[in-house]
Structure formats: C-alpha cells, structure tokens
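Work through the exercises below with the structure open beside the text. Each task is followed by a solution in steps.

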Amino acid sequence: MLAGNGKAVAFVKDWEKWLKEIDLFLDDGQKEQFQRYYDTLITWNKKMNLTGITGEKEVYEKHFYDSLLATCCYPFKDVHSLIDIGGGAGFPGVPLKICFPHIQLTVIDATKKRIQFLEHLADQLSLENINLLHMRAEDAARDERYRDSHDVSIARAVAKMPVLAELCLPFVRKNGVWIALKGKAGDEETEMAMPAIRALNGGEADEHYFELPTEASDRHIYVFGKQGNTPRSYPRKPATIKKKPLG
C-alpha cells in the first residue's frame, strides 16, 4: 500500500479521503495496523476460507471502510465494551478496535479456525483488551459473564434480521444498543424482525443509509436501543431460532 508507484499512492489518497468523509483520522501506528491486517488476512486466506475479496483496495473498501461506517451512526468514543457476533475474519469488530483502542472488544465465532486466525491477528496487531470466544452465540448469551452486559453488540451479514435479533440483543445491557450492518434487503428484514426485537426488549430502528465510494453498493445500518434486560426464555436453542424465528 505504501509503495512508491502511482497506483499505490492513488489508493492511499482514496483511503484517507474515505476516512476523512466519516470524520476518522488515523495516526501512523493505526495505518500500519490496517496494513498488517490486510497482509495477515491474505496470507491466512491461502489456507482457509476467510474472504472471497482479496484485492487490496477492495479489502480496504468492502471490509475495512464498510466496517467503519458504523462510526457515523453511534459515538464509539463513548463505548467501553463491544461484542462482535459471528466475527469471522474480524469484521466489523477489529477495524473498530484499531480506530478506538480503548474499547474492550469481544468477538464470538463458532468456528475454531477463525478464532485461531483472530488470535494470531491480535498478536500481529498488538491489540490489548480483546477477548476471543470459540462459542455459539446462543450459548454465550446464557453465560452471565456476557449476558446483558455490553454497551454495544454488533454484527455484519451474519443472518437475517429476525434470527440476528435473538443472537445479538441478549448481550446488550439496558440502555445499550445493537447495531446491524446490512445490505439492500435491510428494510424488509427489519420490518419482519420487529416482533422479535420487541420481545427481546429492543426499541425502534434508527436507520442510516450509505453507498460504498467506488462501486456505490447499498449499505443500511440499523441501531436498536435496549430498554430492559433480556427475558429469561431467550435466546432459544439454535435449531429453534433457525426453524422458527420470532415474529
């Protein structure tokens, strides 16, 4: 990314322009962390399926920048604890952690190899205050260490909204928020999910719309407040959540 050829220089300017447009400014150390993130992702992607997007500019736009759009919707400078549900290759939690290093980040993923990648990544990026859990979200949400305890729960393209609500809202404390990053189908899914969200003591959606800067893909981000603790009957068993979404 920092090589001297014209193509690389143009890309650096694009990246800095994108960040400036969403009021984010990185120091040299944070820029280096993103570069190491990209390098590590591509190296590990050769031996396990982490992403189908491998071009450098595309990763920066469709993974890093896409993750950071959430900062336009909620004040992450005031967030103490963030939990990323189904974190996969670390999106959106790790890009947010790089930009806001004070955050205590927890990432949950049911696939052990992805957690192993994230453990290696955290070491490569020298990330502190990060907790990586090889668990199903449904099981972790029954654990009192994680239930009803986070300022923000976040997920990106993990499942449809009625299912996602039951996976994410149980981790959020009262007066905290769940943030869902979705594509163009977000509005329809959100309408379908509102009975589930209400049953889990979530509030109405605060919706934000964006387009990615190069290909102009639609991005919808929804912020749901949490009005009270999660009812004890939720989350249900994984098979039940999948076969019979709330609503």
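**Exercise 1. A pair of strands**

In which sense do strand 5 and strand 7 pair, and over how many bridges?

Solution. The model is a predicted one. Strand 5 and strand 7 are antiparallel partners, joined over six bridges. One residue pair to look up is Ile179 with its bridge partner Val223 in strand 7. Now turn to the side chains. Trp178 and Phe224 form a stacked aromatic pair, 4.7 Å centre to centre with 20° between the planes. The label follows because planes under 30 degrees apart count as stacked. Trp178 belongs to strand 5 (residues 172-182) and Phe224 to strand 7 (residues 218-226), so the pair ties together parts that are 46 residues apart in sequence. Trp178 is buried, at 0% relative accessible area, and Phe224 is buried with a value of 0%.

**Exercise 2. The whole sheet**

Place the strands in order across the sheet and name the edges.

Solution. Step one is the order: seven strands form an open sheet, 3-2-1-4-5-7-6, with mixed pairing. Step two is the edges: strand 3 (130-134) and strand 6 (202-211) each pair on one side only. Step three is the turn between neighbours, which averages 20° when direction is ignored.

Step four checks the mixed pairing. Strand 1 (residues 81-85) and strand 2 run parallel and are joined by five bridges; Ile85 is opposite Ile108 in strand 2. Strand 4 and strand 5 also pair in the parallel sense, over six bridges, with Ala155 opposite Ala180 in strand 5. Strand 5 and strand 7, by contrast, are antiparallel.

Step five looks at burial. In strand 2 (residues 104-109), five of the six residues are buried. In strand 5, eight of the 11 residues are buried, so this strand is largely enclosed by the rest of the structure.

**Exercise 3. Helices on the sheet**

Which strands does helix 3 touch?

Solution. Helix 3 packs on the sheet and touches strand 4 (150-156), strand 5 and strand 7. The direction of helix 3 makes about 150° with that of strand 4. Helix 8 (residues 186-199) lies across strand 5, strand 6 and strand 7, and runs at about 165° to strand 6.

Next, check the length of helix 3. With 13 residues at 1.5 Å a residue, the expected span is 18 Å; the end C-alpha atoms are 17 Å apart, which agrees. Among the buried residues of helix 3 are Val59, Tyr60, Phe64 and Leu68. An α-helix has 3.6 residues a turn, so residues three or four places apart point the same way.

**Exercise 4. Aromatic rings**

How many aromatic pairs does the structure hold?

Solution. The count is 15 aromatic pairs. One of them joins Trp18 and Tyr65, a tilted pair with 5.7 Å centre to centre and 50° between the planes. Trp18 lies in helix 1 (residues 6-21) and Tyr65 in helix 3 (residues 56-68), so the pair ties together parts that are 47 residues apart in sequence. Trp18 counts as buried at 4% relative accessibility, and Tyr65 counts as buried at 5%.

Ring pairs also link Trp15, Phe34, Tyr37, Tyr38, Tyr60, Phe64 and Phe91 into a cluster. A ring can meet a charge as well: the charged end of Lys47 sits over the ring of Trp44, 4.1 Å from its centre.

**Exercise 5. Backbone details in the loops**

Find the cis peptide bonds listed here, then the residues with positive phi.

Solution. Start with Phe91, whose peptide bond to Pro92 is cis, with omega near 5°. Pro92 is in the loop between strand 1 and helix 4 (93-99). The bond from Tyr234 to Pro235 is cis too, with omega near -5°, and Pro235 is in the loop between strand 7 and helix 9.

For phi, take Asn129, a residue other than glycine with a positive value near 55°. Asn129 lies in the loop between helix 5 (112-124) and strand 3 and is partly exposed, at 45% relative accessible area. Ala216 has a positive phi near 60°. The loop between strand 6 and strand 7 holds Ala216, which is partly exposed at 37% relative accessibility.

**Exercise 6. A residue on the outside**

Is Lys242 buried or exposed?

Solution. Lys242 is found in helix 9 (residues 238-243). At 71% relative accessibility, Lys242 counts as exposed. Lys242 and Val163 are 79 residues apart in sequence, and their C-alpha atoms are 6.7 Å apart in space.

Conventions
Residues numbered from 1 in each chain as written. Predicted model: local features only at pLDDT ≥ 70, side-chain atom pairs only at ≥ 80, totals over all residues. Heavy atoms only, no water. Phe/Tyr/Trp six-rings, centres within 6.5 Å; stacked < 30°, edge-to-face > 60°. Helix = DSSP H or I, 4+ residues; strand = E, 2+ residues; numbered from the N terminus. Buried < 20%, exposed > 50% of the residue type's maximum accessible area, 1.4 Å probe, protein only. Lys NZ or Arg CZ within 6 Å of the ring centre and 35° of its normal. Expected span 1.5 Å × (residues − 1). Pairing = 2+ DSSP bridges. Axes fitted to C-alpha atoms, helices over the stretch in contact; angles between N-to-C directions. Contact = heavy atoms within 4.5 Å.
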